[in-house]
Amino acid sequence: MIELLSAILSLLLTWAVLFLIFAGLGLLVHRALGSRIECAEDWLTRFWIGWAAVIAILQVWHLFLPVGWPAFVLIAVIGIAGLLWNAQDIWRWAQTRFVWKLILGSFLLIPAIWLALRAILPPLVYDSGLYHLSAVRWAASYPIVPGLGNLHGRLAFNNSYFLYVAMLEIGPWAGRSYHVANGLLFWVLFAQILLSGFNLLDVRNGWQTRDLFHALLLAPVVYQSRDYYVSSPYPDPVIFILGVVLTSQLITLFSQQVPYQHKETGKVLAIITTASIGITVKTSFVVFGSISAGLALLLGLIGHRQDRVKARRTLVWAVTAATAILLPWMVRGVILSGYVAYPSTIGAFPVEWRIPQPAVIDAANWIRSWARAPGIHWSAVLGNWDWFSPWAYNTLKAYFDVLIPFLLAIGSSLLIFPLRLVRIRDSQAIQWAILAPALVNLAFW
């Protein structure tokens with residue numbers, strides 16, 4: 001019993017420290033935009049910006065050095081500097097409605113303990129044993145290795161998420177960072193849902209559209225935070241989390257009465273940063289992320305159409321953020337496999353370690369066919385529709401994975417859209433455009 005309590009307390013303390021460090025990095029970015037802490041939601045926004053900044057830093061770091069304790073120390077120093085620089089604003093924020101913040105913090109212990117009980121379990125995802133743990137070990141032991149994908153094709157997937165996990169391989173978590181990595185991200189997402197729940201019950205201050213969106217996603221998030229999703233170094237639930245965060249950010253941007261205020265540059269930047277990081281975590285996020293980023297940038301430029309200086313500033317920040325994240329990721333892809341986005345053959349470079357094209361095509365075909373008919377060779381799956389009936393039956397039978405989330409998504413849409421997300425001259429085209437990322441991604445899937 002004592003060991004169990006010790007493990008849970010260690011996780012809670014680690015998550016709290018990491019949250020502050022990552023939020024400190026986000027505070028630095030937003031301070032550069034002239035934005036300061038005003039409400040509890042700002043802390044969560046700063047965290048995701050800070051976590052994205054960590055990934056961006058580690059991508060460059062790993063080009064020259066292994067991801068170890070020096071990388072963590074650098075990030076910790078920057079994060080603490082961000083907290084100290086914003087100490088006055090933080091103190092001012094903490095003094096307002098102190099009792100309400102204390103109650104909210106107490107309720108945050110419930111999901112934290114729930115997640116900690118799952119995070120202390122061993123990694124149970126099949127792919128973690130196949131290549132996740134190996135990718136983390138390579139990142140923690142060596143700088144990026146040219147042609148590593150020739151050793152094992154899955155090591156060429158270039159998931160930036162594994163750099164984050166490798167950075168946590170320090171101190172008591174050396175060799176056990178998977179206990180920490182996903183649990184922290186789920187905890188912050190639960191914090192957002194809990195905060196939205198409080199906002200829905202707060203008669204005095206009212207609530208916003210994103211609060212309803214978060215509340216309706218409680219059941220899917222609880223289900224996604226099951227045992228092996230939290231205790232394994234698994235990028236798939238991270239993509240789910242980033243999808244929720246990105247959609248929430250879009251709803252926030254679409255809900256603004258006056259989208260050309262200075263704060264909107266920060267909201268556009270947050271969306272583009274989240275979308276770019278999602279692509280580096282897993283390439284399959286490219287459609288959802290790209291459409292979301294393009295939509296946010298378009299809305300930001302429309303809002304600034306009467307002020308060229310602000311429009312140019314928004315565009316520069318957006319391009320800078322996307323370039324700082326995606327360019328190192330593409331360079332890493334070429335180093336690992338000879339391709340910009342393995343297992344796609346697009347963007348092949350004439351380097352001596354490039355994986356042979358037939359092997360790349362074979363890997364891509366296996367990915368496409370496995371989702372349709374697991375275990376059957378892709379040559380018997382691709383090019384025909386024999387797989388569809390068994391796939392449809394198994395999909396509809398997966399109540400918690402597919403059917404219930406789908407019904408909740410439909411229900412949330414019916415509830416949210418009557419609230420009129422967009423108030424920019426009541427433009428119906430823009431209002432319905434918020435569905436574009438999900439619909440295009442569904443078609444792509």
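The following paragraphs describe the overall composition of a predicted model, then one of its helices, a residue of a second helix, and a surface patch.

In this predicted model, the secondary structure of the protein chain amounts to 22 helices and zero strands. The chain holds 445 residues, of which 50% are buried, and its accessible surface comes to about 21,300 Å², with 70% of that area belonging to carbon and sulfur atoms. When contacts between residues at least 6 apart in sequence are considered, 71% of them join residues at least 24 apart.

The confidence of the prediction, expressed as pLDDT, averages 86 over the protein chain, and 89% of the residues score at least 70. Among the elements of the chain, the highest mean pLDDT, 97, is that of helix H8 (residues 161-167), while the lowest, 64, is that of helix H21 (residues 428-432). Over residues 258-262 the pLDDT is below 50, and this stretch has nine contacts in the model beyond near neighbours in sequence. Residues 422-426 likewise stay under 50 in pLDDT, and for them the model has 10 contacts beyond four places in sequence.

Helix H4, which spans residues 87-95, has Asp 89, Ile 90 and Trp 93 as buried residues. Viewed down the axis of H4, these buried residues fall within an arc of 100 degrees, and they therefore line one face of the helix. In general, an α-helix has 3.6 residues a turn, so residues three or four places apart point the same way. The buried residues of H4 pack against four helices, namely H1, H2 (40-61), H3 (69-85) and H5 (98-107), whereas Gln 88 and Trp 91, on the other side of H4, are exposed. For Gln 88 the relative accessible area is 59%, and the residue is classed as exposed because this value lies over the 50% cut-off. The C-alpha atoms of Gln 88 and Ile 37 are 10.0 Å apart in space, although the two residues are separated by 51 residues in sequence. H4 is followed by Arg 97, for which phi is positive, near 50 degrees.

A further residue considered here is Glu 41, which is found in helix H2, one of the helices against which the buried residues of H4 pack. Glu 41 has a relative accessible area of 12% and is accordingly buried, since the cut-off for a buried residue is under 20%. With its neighbours within four places in sequence left aside, Glu 41 is in contact with Gln 192, Leu 195, Asn 199 and Arg 210.

On the surface of the model, a nonpolar patch is formed by Met 1, Leu 4, Leu 5, Leu 109, Ile 113 and Leu 117, which together have about 560 Å² of accessible area. Helix H1 (2-32) and helix H6 (109-119) each supply at least two residues of this patch, and the largest share, three residues, comes from H6. Leu 109, a member of the patch, lies in helix H6 and has a relative accessibility of 44%, at which it counts as partly exposed, because residues between the 20% and 50% cut-offs are placed in that class. H1 thus appears in both settings, since it supplies residues of the nonpolar patch and is also among the helices against which the buried residues of H4 pack.

Conventions. Residues are numbered from 1 along each chain as its sequence is written. This is a predicted model: local features need pLDDT of at least 70, side-chain atom pairs count only at pLDDT 80 or more; totals for chains, interfaces and linings use all residues. Side-chain values use heavy atoms; hydrogens and water are left out. Patches are made of residues with over 30% relative accessible area and no salt bridge: like charges are joined within 9 Å, nonpolar side chains (Val, Leu, Ile, Met, Phe, Trp, Tyr) within 5 Å. Accessible areas come from the Shrake-Rupley method with a 1.4 Å probe; for residues, only the protein chains shown count as cover. A salt bridge is a side-chain nitrogen of Lys or Arg within 4 Å of a carboxyl oxygen of Asp or Glu. Buried means under 20% relative accessible area, exposed over 50%, partly exposed in between (1.4 Å probe, protein chains only). Contact means heavy atoms within 4.5 Å. pLDDT is the predictor's confidence in each residue, from 0 to 100. The arc is that of the directions from the helix axis to the C-beta atoms.
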